[in-house]
Each structure stands twice: as C-alpha cells, then as structure tokens.
Amino acid sequence: MNKAEAFSFRIVKMYRFLAERKRETVISRQVLRSGTSIGANIVESRNAQSAADFVSKLSIALKEADETFYWLKVLFQGDYITEVQFESMKKDNEELIKLLVAIIKKMKEKASHSK
C-alpha cells in the first residue's frame, strides 16, 4: 500500500516543520506516532498468520487513521497548520480510511461466506 507509505513520509515532514518552525512538539508527536503507525500496521498485516490476524492488523491501522484525523483537526484549530495543509492531509487520510474500510469489509464478508 504505497499510499500509506507516502502518507507516512508527509507526516514526518509535517512533524519536522511543526517542531522546527512552529516550536510545537506535543501534538506533533501524537500525529507523528499515529500517522506513521498506519503504514506500519499495514506492513505487519502482510505477514499475518491468518485471515483474522490480517483483519486485526488492518483494523488497528484504521484506528490509527481515525486518531490521525483527530490530531490533524487539533493542529488546524490550534493554528499550527493552514487550511490548505489541513485539507491536503485530510484528503490523503480519508483515502486511506476508505481503502482500509473496503478491505476489512471484504475480508469479513469472505470469512462469513466460508463458514
């Protein structure tokens, strides 16, 4: 999932910008952790031991994406990032959420049909 990797790189750059230019480290560390965790959990899912484990890893990635959206809103409302920056990051985050939801839903449907 290259989108998740690209999003992680954007999150890292945003963290550096916030830490160096805006002197904001608390919230930016939160978004760094959750934003990069999305891709990390997707990578972990590739080596899942079962379909249930695969869905579990992707569900964690989805939760991290939801948390990332929360922190992006906090950064925007706190005037740490502009509306343009927020909307751009939000769009990428929403794409990841949609992909994860679709994959999880498909895997759950597949599991229920194979019972």
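In the predicted model, Asp79 is located in the loop between H3 and H4. This residue adopts a positive phi of about 65° although it is not a glycine. Asp79 has a relative accessible area of 64% and is therefore exposed. A comparable description applies to Arg23, which is placed in the loop between H1 and H2. Arg23 is not a glycine either, yet its phi is positive, at about 55°. With a relative accessibility of 67%, Arg23 counts as exposed, because the threshold for that class is over 50%.

Helix H2 comprises 20 residues, spanning positions 26–45. From its first C-alpha to its last, H2 reaches 29 Å, close to the 28 Å expected at 1.5 Å a residue. The helix nevertheless bends, by about 30°, at Ser37. Ser37 itself belongs to the buried residues of H2, together with Ile27, Ser28, Val31, Ser34, Gly35, Ile38, Gly39, Asn41, Ile42 and Ser45. These buried positions of H2 pack against three helices, namely H1 (2–20), H3 (51–77) and H4 (83–113).

Among the buried residues of H2, Asn41 was examined individually. Asn41 sits in helix H2 and has a relative accessible area of 7%; it is therefore classed as buried, the limit being under 20%. Beyond its neighbours within four places in sequence, Asn41 is in contact with Lys57, Ile60, Ala61 and Glu64.

The largest nonpolar core contains 24 residues, of which Met14, Val31, Ile38, Ile42, Leu75 and Leu100 touch the most other members. Each of the helices H1, H2, H3 and H4 supplies at least two residues of this core, and H3 gives the most, with 8 residues. In soluble globular proteins, nonpolar side chains tend to be buried together.

Two of these highly connected core members, Leu75 and Leu100, were considered in terms of their contacts. When neighbours within four places in sequence are set aside, Leu75 is in contact with Met14, Leu18, Glu24, Ile27, Val31, Tyr80 and Ile81. Of these partners, Met14 and Val31 are themselves listed with Leu75 among the residues that touch the most other core members. Leu100, by contrast, has its place in helix H4. Its relative accessibility is 0%, so Leu100 counts as buried. With the sequence neighbours within four places again excluded, Leu100 is in contact with Ile38, Ile42, Leu58, Ala61 and Leu62. Ile38 and Ile42 belong to the buried residues of H2. Leu100 was also compared in position with Asn2: the two residues are 98 apart in sequence, while their C-alpha atoms are 13 Å apart in space.

Aromatic side chains were analysed separately. The whole structure yields 3 aromatic pairs. In one of them, the ring centres of Tyr70 and Trp71 lie 4.9 Å apart and the ring planes form an angle of 75°, so the pair is edge-to-face. The two partners fall into separate accessibility classes: Tyr70 is partly exposed at 46% relative accessibility, whereas Trp71 counts as buried at 17%. Elsewhere, ring pairs join Phe69, Phe76 and Phe86 into a cluster.

Technical notes
Residues are numbered from 1 along each chain as its sequence is written. This is a predicted model: local features need pLDDT of at least 70, side-chain atom pairs count only at pLDDT 80 or more; totals for chains, interfaces and linings use all residues. Side-chain values use heavy atoms; hydrogens and water are left out. Helices (H or I, at least four residues) and strands (E, at least two) are DSSP runs, numbered from the N terminus. The expected span of a helix is 1.5 Å times one less than its number of residues. The bend at a residue is the angle between axes fitted to the seven residues ending there and the seven starting there. Buried means under 20% relative accessible area, exposed over 50%, partly exposed in between (1.4 Å probe, protein chains only). Contact means heavy atoms within 4.5 Å. A nonpolar core is a set of buried Ala, Val, Leu, Ile, Met, Phe, Trp, Tyr and Cys residues joined through side-chain atoms within 4.5 Å. Rings of Phe, Tyr and Trp (its six-membered ring) pair if their centres lie within 6.5 Å; planes under 30 degrees apart count as stacked, over 60 as edge-to-face and the rest as tilted.
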